[in-house]
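Please open the model in your viewer and keep the selection panel at hand. The tour below proceeds stop by stop, saying what to select and what is there.

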Amino acid sequence: MVRLITHNLLACHAKGCTTNNFPLVFKDVQLEIRESEMNPEFLRNFYPKLEWDALVKTAEQLGDTSLPKTQPPIESVDEEFLKALHHVLLEIHVEEGAMTCPNCEHRYGIVSGIPNMLLAEHEVA
Amino acid sequence: MSRPELVAPPEIYYGDSEAKKYTSNSRNQQIQSQMTHRALELLNLPPDQPAFLLDIGCGSGLSGEILDEEGYEWVGVDIAPSMLEVALEREVEGDLFLQDIGQGFGFRPGVFDGAISISVIQWLLNAESSHPTSSPPHRLTRFFTTLHSALRSPSRAVLQFYPSSDDQIELITSIAQKAGFGGGVVVDYPNSKKARKVFLCLFVGGGGGAQSRELPKGLDGEGIEESEAAARFEKRRERERKRDKSGKRKAVKGGKDWILKKKELYRQRGKEDVPRDSKFTGRKRRITF
Ligand SMILES: C[S@@+](CC[C@H](N)C(=O)[O-])C[C@H]1O[C@@H](n2cnc3c(N)ncnc32)[C@H](O)[C@@H]1O
Ligand SMILES: [Zn+2]
């Protein structure tokens, strides 16, 4: 279950890949939307940790354009906004496909919602 | 005590049948659950606040289930596809990754509020090939360095493991310290052969909580008291009742009854190239997805 919340935390960890290695780019994805209960406190807590540009860009690639291009200050966000954020972060599940590194092009395959993060020996730092 | 880590690499040892056996064994469930609760206690998270946790070597989700119950969001990583598949079947709520922790993590700095690991890192003490990146010190260094960076400051990582000697404890703690962690080893029931448990209790930036920087005390005696054990068991039975015979949670109301029998689902939809179980649960050292 790769959700965008996790995708937003993930950079390529192959050897020598330290710049331009985030965000990983989704390829050939199959999505599943699964509703879940919203926890506003959790979202507010997590809010400062988000890389907003990466989140918006990735959501767009997956067909969701509900988020604004610039991250609104936390004090200004309302319930409506949190709902949209909750949906993007926690309800869109990438079930099949891959994530590729924009820098080294390593392909992390996703099968049954589980990304394969294993590296070949020569890619291990 | 038998030492699975000396038998075969983890993803082979925990193949389909062992993964099922491991997960359905009620004695094992009880022990892993007790250690998870203890690890959470040692993690000393601020009460009643949401947290985002990492479960290192999450296996089939025995700990993850407890994290779900406690209301935490979490990410689990494990190297054994068969264990992860059981976790999927059990419908745990965390995001799962097929990952070798000895290769390090790629998480952005400071994203996790804490990490737990139950009965895993003894597996890092065996070299599985002669490649330089597969020596235990190299793998431990990579693991602790990238873990340290993924944790926010202040926070903690609590890792229960089964060392086979004091030298192993020494090796692991010294590498963790070099990676920037404070803290150390907490031993519960040190005088009991059976109940003795070793927890590596690591601090980032003081560790957080009231008695930060101070290492928590290990528990004394011969293990949990009868009544306490009974109480915990009762709680677990309560949970079990919510499960059907195969160990799956019964569908809960709302959006939660999503179907993890995805393969079935996809087949119903007529999707042909559904990955077969046998492919996902491949026994090769490196499965190619
Ligand atoms: C005894 S099981 C514990 C599973 C789970 N933590 C629990 O308490 O039920 C040990 C787990 O460690 C995992 N493991 C061993 N070496 C690993 C590695 N290098 N990277 C990731 N996981 C590993 C195994 O695949 C297995 O699932
Ligand atoms: Zn890369």
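Helices, of at least four residues, and strands, of at least two, are taken here as DSSP runs and are numbered from the N terminus. Please bear in mind throughout that this is a predicted model.

With that numbering in hand, begin in chain A by selecting A:P23, which lies in the loop between α1 (4-7) and β2 (25-33) of that chain. Display the backbone here and look at the bond that leads into the proline from A:F22, since the peptide bond from A:F22 to A:P23 is cis, with omega near -10 degrees.

Next, select A:D28, a residue of strand β2 of chain A. Although A:D28 is not a glycine, its phi is positive, at about 50 degrees.

Now move to chain B and select B:S153 together with B:P154, which are joined by a cis peptide bond whose omega is about -5 degrees. Whereas A:P23 sits in a loop, B:P154 lies in a strand, namely β5 (residues 151-161) of chain B.

Remaining in chain B, select residues 136-150, which form helix α6, and residues 166-178, which form helix α7; these two helices pack with their axes 9 Å apart and at an angle of about 45 degrees. Because of that angle, α6(B) counts as oblique to α7(B), and their crossing is right-handed.

For a second pair of helices, select α3 (residues 26-43) and α4 (residues 62-69) of chain B, whose axes come within 9 Å and cross at roughly 50 degrees. That angle makes α3(B) oblique to α4(B), and the crossing of α3(B) and α4(B) is right-handed.

The last stop is ligand 1. Which residues are the closest to ligand 1? Of the 22 residues that surround the ligand, the closest are B:Y22, B:Q32, B:G57, B:D78 and B:D100. If you colour this shell by residue class, the residues divide into 13 nonpolar, six polar and three charged.

Then show the individual polar contacts, starting with B:D78, where a polar side-chain atom lies 2.6 Å from an oxygen atom of ligand 1. Turning to the backbone, you will find a polar atom of B:I118 at 2.9 Å from a nitrogen atom of the ligand, and a polar backbone atom of B:Q99 at 3.5 Å from a nitrogen atom of ligand 1. Finally, switch on a surface for the protein, which covers 98% of the 590 Å² of accessible area that ligand 1 has on its own.

How values were computed:
Residues numbered from 1 in each chain as written. Chains lettered and ligands numbered in written order. Predicted model: local features only at pLDDT ≥ 70, side-chain atom pairs only at ≥ 80, totals over all residues. Heavy atoms only, no water. Near = heavy atom within 4 Å. Polar contact = N/O pair within 3.5 Å; in protein donor to acceptor, adjacent residues only side chain to side chain. Areas by Shrake-Rupley, 256 points an atom, 1.4 Å probe, with all protein chains shown as cover. Nonpolar A, V, L, I, M, F, W, Y, C, P; charged D, E, K, R; others polar. Axes fitted to C-alpha atoms, helices over the stretch in contact; angles between N-to-C directions. Parallel < 35°, antiparallel > 145°, perpendicular 65-115°, else oblique. Left-handed = near helix turned anticlockwise from the far one by under 90°.
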